[in-house]
Amino acid sequence: MELPELVAAALVEDLGAGDITSQTVVPATARARARIVQKEPGVVFGLSVAREVFRQCGADELEELAREGEWRDRVPVDVAGVEGPARALLAAERTALNFLCHLSGIATLTARFVEAVRGTGATILDTRKTTPGMRALEKAAVAAGGGRNHRMGLDDAILIKENHIALAGGLAEAVRRARAAHPDLQVEVECRDLGDVEAAVAVAASRVLLDNMEPAELREAVALRDRSGAATELEASGGIKLQNVGAIAGTGVDYISVGALTHSAPALDLSLLLEPIA
C-alpha cells in the first residue's frame, strides 16, 4: 500500500464523519503551531509519515527539527513543528503520533539490539513478522535503527523451511529444485539440528537459518561450517532477546534475525503540544 493510501485509511478510521469535539469548541478560524516532542531516549523515525498525515488534514508543511535515525539521550526535545488551522492540527494529532511512536519504537529497539552485538561481527536482521500493510515502513524503521532488512516478501528471496523440505522430498532435493528454477538467487535453508546443518553445508546452501538453537549448538554449527571450508553464511533465529543476543552473537554466527523488532517493539514516547497563533 502506498503511503498516501495508508494514511488516508488511518484517518478514515480515526475521524469517521469528523472531529466533533474540535468542531464544537474550536473556532473555525483559529490557527496554531504544534510541536512534536520526544520525551524519552531513543531513535525517532517516521516524520515523513507524520508530514503526510498533517498534509491530508489541511495543515501546513511539517518542519523537521531533529535528524531521524540518530540515538538521542537529551530529552525532552522538539523533533518537528507544524502550523495550520487548529482544527486540522487536532484532527491529525492522534494518527500522526500513532505512526510516529510506533515506527520510532521499532527504530529504538533495533538500535538497542545493534548496540548489544557491537564488535562481534554479527548483523541484526528483521523478519516478515510485520503489521499488515505497514511492512515497508516498519522495515525502513529497522534500517533507521541500524539493522538490516531480510527479504521483503515471499517473491524476492528463497528460504526453504521445514514444510518445504517435507513436501519436496528432502533437503537436498528442495535445494536442487530452488537452484534449477532460480539460479541467480541466494538459497537459504532452515535447519533445526546439526544433522540438517551438515546436509545444508554439503549442498553448498548460501545461508543456513539455525532455528531455536542454544549457544552451544550454534558454536558447533559454526565449527562445522568452518571445518568444511564452505562459504555458507549462518543466521541464528528464534527466542532472541536483548538479554541473550550478545551471547548468541559471540558464537560466531553471521546474522541474527529478530522478529521482536517489528512485532513487539514498545512505542517511543512522543507527544504533540499546541500553541495558539494570534
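This report walks through a predicted model of one protein, from its overall build to a few local details.

**The big picture**

Let's start with the whole thing. The protein has eleven helices and twelve strands, and its C-alpha trace spans about 75 × 40 × 25 Å along the principal axes. Of the 278 residues, 46% are buried. If you look at contacts between residues at least 6 apart in sequence, 73% of them join residues at least 24 apart.

**The core**

Next, the inside. In soluble globular proteins, nonpolar side chains tend to be buried together. Here the largest nonpolar core has 85 residues, and the ones with the most contacts inside it are Ile 36, Phe 54, Val 189 and Ile 256. Helix H4, which covers residues 86–116, gives the most to this core, with 17 residues.

Ile 36 is a handy place to zoom in. Leaving aside residues up to four places away in sequence, Ile 36 touches a long list of others, including Phe 54, Leu 62, Val 77, Leu 97, Leu 100 and Leu 270. The list also takes in Asp 78 and Ser 271.

What about the rings? The count of aromatic pairs comes to zero. There is, however, a charge over a ring: the charged end of Arg 207 sits over the ring of Tyr 255, 3.9 Å from its centre.

**An antiparallel sheet**

Four strands make an open sheet, in the order S3-S5-S1-S12, with antiparallel pairing. The edges are S3 (63–64) and S12 (270–277), each of which pairs on one side only. Strand S1 (residues 31–38) is joined to strand S5 (residues 77–85) by eight bridges. S3 also pairs with S5 in the antiparallel sense, over two bridges.

Ala 80 of S5 is worth finding on screen. Ala 80 is the bridge partner of Ile 36, and Ala 80 is also the bridge partner of Glu 64. Elsewhere in S5, Glu 83 is the bridge partner of Arg 33.

**A parallel stretch**

Now move to strands S9, S10 and S11. S9 (residues 207–211) and S10 run parallel and are joined by five bridges. To get from S9 to S10, the chain passes through helix H9 (residues 215–228), and this β-α-β crossover is right-handed. On to S11 (residues 255–257): three bridges join S10 to this strand, and the two run parallel.

Ala 236 of S10 links up with both neighbours. Ala 236 is the bridge partner of Leu 210, and its partner in S11 is Ile 256. Ile 256 is also one of the residues with the most contacts inside the largest nonpolar core.

Why is S10 described as largely enclosed by the rest of the structure? Four of the five residues of S10 (residues 233–237) are buried, so the rest of the structure largely encloses this strand.

**Helix H5 and its surroundings**

Which residues of helix H5 (residues 135–144) are buried? They are Leu 137, Glu 138, Lys 139, Ala 141, Val 142 and Ala 144, a list that includes the charged-type names Glu and Lys alongside Leu, Ala and Val. The buried residues of H5 pack against helix H1 (3–15), strand S2 (42–43), helix H3 (47–57), H4 and helix H11 (260–263). Just after H5 comes Gly 146, with a positive phi of about 100°.

**Backbone oddities**

Most residues other than glycine have a negative phi, and most peptide bonds are trans. With that in mind, here are some spots to check in the loops.

| Site | Backbone value | Where |
|---|---|---|
| Val 75–Pro 76 | cis peptide bond, omega about 0° | Pro 76 in the loop between S4 (71–72) and S5 |
| Ala 204 | positive phi, near 60° | loop between H8 (194–202) and S9 |
| Asn 212 | positive phi, about 55° | loop between S9 and H9 |

Is Ala 204 buried, exposed or partly exposed? Its relative accessibility is 46%, so Ala 204 counts as partly exposed. Asn 212, for its part, sits in the loop between S9 and H9, on the path of the right-handed crossover from S9 through H9 to S10.

Conventions. Residues numbered from 1 in each chain as written. Predicted model: local features only at pLDDT ≥ 70, side-chain atom pairs only at ≥ 80, totals over all residues. Heavy atoms only, no water. Core = buried A, V, L, I, M, F, W, Y, C linked by side-chain atoms within 4.5 Å. Buried < 20%, exposed > 50% of the residue type's maximum accessible area, 1.4 Å probe, protein only. Contact = heavy atoms within 4.5 Å. Phe/Tyr/Trp six-rings, centres within 6.5 Å; stacked < 30°, edge-to-face > 60°. Lys NZ or Arg CZ within 6 Å of the ring centre and 35° of its normal. Pairing = 2+ DSSP bridges. Right-handed = clockwise from strand over helix to strand, strands pointing away.
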